[in-house]
Protein chains: 2
Amino acid sequence: MRVLGIDPGTVVTGWGIVTFNDRQFYHIANGCIRTKSQSPLPERLGSIFAALSHIIQEHRPNQASVEEVFISRNVQSALKLGHARGVAIAAINQAGLPVHEYSALQVKKSVVGYGRAEKGQVQEMVRLLLSLPKIAPEDASDALAAAMCHINHASPMTLAKEHRQ
Amino acid sequence: MRVLGIDPGTVVTGWGIVTFNDRQFYHIANGCIRTKSQSPLPERLGSIFAALSHIIQEHRPNQASVEEVFISRNVQSALKLGHARGVAIAAINQAGLPVHEYSALQVKKSVVGYGRAEKGQVQEMVRLLLSLPKIAPEDASDALAAAMCHINHASPMTLAKEHRQ
């Protein structure tokens, strides 16, 4: 199982790819897609789509995982985040990958074992679980956590089957 | 000038294509992209992306127009609409077309001459301006109105230049 995790945003979209083998997570790659805040919206959304399509083509994940969003702030920020999240999900779907959604609670629990973990704790646990030399940027770290969350939720049978392939 | 207007939505995305020649609007095509409400979100967003890409390839518009959204309802519906709108805008951007945004007031004014027009008035005026045999469905009608709005806002020089081509 080779999972692409994403943490979408109009300004920064974090992504990370994790595999699982012999009961161990392996870090493949991570990064942030940054769009220029002065660029028009269509260009920013187009660049998120193009960058994700490119990342999928390069790293060939076979599953994708994204955090469900819960926004209590305001309607305009929900609409903005929706734009970026919709584009990211469509890019993954158009690349032929299944997309799985997990709540923020599930994602945090799967790396920190505690749903109300602070941002810094998540980053540090992601670093430890994946043996990264240093902590990944916040958005990339959240994306890697989403990927590991999906692996944790995959059935042992799925993992065993993939292992044999 | 051959303009694609869109009215995005998670359930129905209206689209319409209008040209302008000799001070006259011409209707090329219109329709609604409907997604199955029981389908998972990634499939629905993927199908909006794929359908719009197909429509652009088939009808070759060179400009696109979309209404700005103003939502006062709630955060969850803003997020949902944002997903669909983001995907539609990214699909147009990836097809190489410039996307222009107009307020609902501008769109209504450009077909009805009155910013607070009722839905039915917009549909009827779109029908009259484009000599349609019958009124188009609401979402397709709004999309055609957005396309005409962009033509109305194009400079006479742009239109003259395009006419010479």
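Let's go straight to the largest pocket, which holds about 820 Å³ of space. Keep in mind as we go that this is a predicted model.

Who sits around that space? The lining has 31 residues, and the ones closest to the centre are A:Asp7, A:Glu67, A:Val69, A:Arg73 and A:Leu81. If you have chain A on your screen, look for two strands, E1 (2–7) and E4 (63–67), and four helices, H2 (75–94), H3 (104–112), H4 (119–129) and H5 (138–153); each of these gives two or more residues to the lining. For those of you thinking about chemistry, the lining of this pocket divides into 13 nonpolar, five polar and 13 charged residues.

Now over to the second largest pocket, with a volume of about 640 Å³. Here 26 residues make up the lining, and nearest the centre you will find B:Asp7, B:Glu67, B:Val69, B:Leu81 and B:Lys119. On the chain B side, the elements that each supply at least two lining residues are H2, H3 (104–112), H4 (119–129) and H5 (138–153). By class, the lining of the second largest pocket has 11 nonpolar, four polar and 11 charged residues.

Okay, on to where the two chains meet. How much area do chain B and chain A bury between them? About 2100 Å², with 72% of it on carbon and sulfur atoms. Three residues deserve a click here: B:Pro42, B:Val75 and B:Leu79 supply 24% of the area that chain B buries against chain A, more than any other three residues. As for head count, 26 residues from chain B and 26 residues from chain A take part in the contact.

What about specific interactions? Between chain B and chain A there are zero salt bridges. Polar contacts do turn up, though: eight residue pairs across the interface, with both partners at pLDDT 80 or more.

Let me stay on chain B for a moment and ask which elements face chain A. Helix H1 (41–59), helix H2 (75–94) and strand E5 (99–102) of chain B each bring at least two residues to that side. The largest share comes from H2 of chain B, with 14 residues. Sorted by class, the side of chain B that touches chain A has 15 nonpolar, eight polar and three charged residues.

One last thing while you have the model open: H2 of chain B is worth colouring, as this helix supplies residues to the side that touches chain A and also to the lining of the second largest pocket. Thanks, everyone, and I'm happy to take questions!

Methods:
Residues numbered from 1 in each chain as written. Chains lettered and ligands numbered in written order. Predicted model: local features only at pLDDT ≥ 70, side-chain atom pairs only at ≥ 80, totals over all residues. Heavy atoms only, no water. Contact = heavy atoms within 4.5 Å. Buried area = accessible area lost by both parts, 1.4 Å probe. Salt bridge = Lys/Arg side-chain N within 4 Å of Asp/Glu carboxyl O. Polar contact = N/O pair within 3.5 Å; in protein donor to acceptor, adjacent residues only side chain to side chain. Nonpolar A, V, L, I, M, F, W, Y, C, P; charged D, E, K, R; others polar. 1 Å grid on protein atoms, 1.4 Å probe; cavity = no way out; pocket = protein on both sides within 12 Å on 5 of 7 lines; lining within 4 Å. Points joined across faces, edges and corners; volume = space filled by probe spheres on them.
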